[in-house]
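Subject: Structure handover and charged side-chain contacts

Dear colleague,

Please find the structure below for your review. My notes on its side-chain contacts follow.

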Amino acid sequence: MIVEEHWWNGDATKRGRRDVYIRTDGQRWEVQAQIGGEHGRSEVLECSSQSSASILAGAWRGGNPAWRELRR
């Protein structure tokens with residue numbers, strides 16, 4: 001899977017960091033929500049399309065303006 005989009009909430013602490021990723025292999029789409037940085041907990045949900053992945057990623061970010069998109 002290739003990361004198409006990645007956001008983080010701007011909190012660099014292990015307890016506070018949140019990341020949301022949209023990933024694809026060219027046919028399947030999934031969204032990963034991660035809590036606690038690289039070694040924290042995460043949940044991955046498959047989506048039927050890029051647009052549904054974008055909607056889910058937006059919902060997990062909750063519209064908070066502190067979220068920042070990280071460019072590859």
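D25, R28 and E46 are joined in a network of salt bridges. Please bear in mind that the model is predicted. In this network, R28 pairs with D25, where the closest N and O atoms are 3.1 Å apart. R28 also forms a salt bridge with E46, and there the closest N and O atoms are 3.8 Å apart. R28 lies in the loop between strand 2 (18-24) and strand 3 (29-35), whereas E46 belongs to strand 4 (residues 41-47), so this pair ties together parts that are 18 residues apart in sequence.

As to accessibility, R28 has a relative accessible area of 39% and is therefore partly exposed. D25 is likewise partly exposed, because its relative accessibility is 42%. E46 has a relative accessible area of 57%, which means that E46 counts as exposed.

A further salt bridge links R23 with E30, and the closest N and O atoms of this pair are 2.4 Å apart. Are these two residues, R23 and E30, buried or exposed? Both R23 and E30 are buried. Over the whole structure, the number of salt bridges is 5.

Turning to the aromatic rings, a search of the whole structure returned 0 aromatic pairs. There is, however, a contact between a charge and a ring: the charged end of R61 sits over the ring of W7, at 3.9 Å from the ring centre.

Yours sincerely

How values were computed. Residues are numbered from 1 along each chain as its sequence is written. This is a predicted model: local features need pLDDT of at least 70, side-chain atom pairs count only at pLDDT 80 or more; totals for chains, interfaces and linings use all residues. Side-chain values use heavy atoms; hydrogens and water are left out. Rings of Phe, Tyr and Trp (its six-membered ring) pair if their centres lie within 6.5 Å; planes under 30 degrees apart count as stacked, over 60 as edge-to-face and the rest as tilted. A charge sits over a ring if NZ of Lys or CZ of Arg is within 6 Å of the ring centre and within 35 degrees of the ring normal. A salt bridge is a side-chain nitrogen of Lys or Arg within 4 Å of a carboxyl oxygen of Asp or Glu. Buried means under 20% relative accessible area, exposed over 50%, partly exposed in between (1.4 Å probe, protein chains only). Helices (H or I, at least four residues) and strands (E, at least two) are DSSP runs, numbered from the N terminus.
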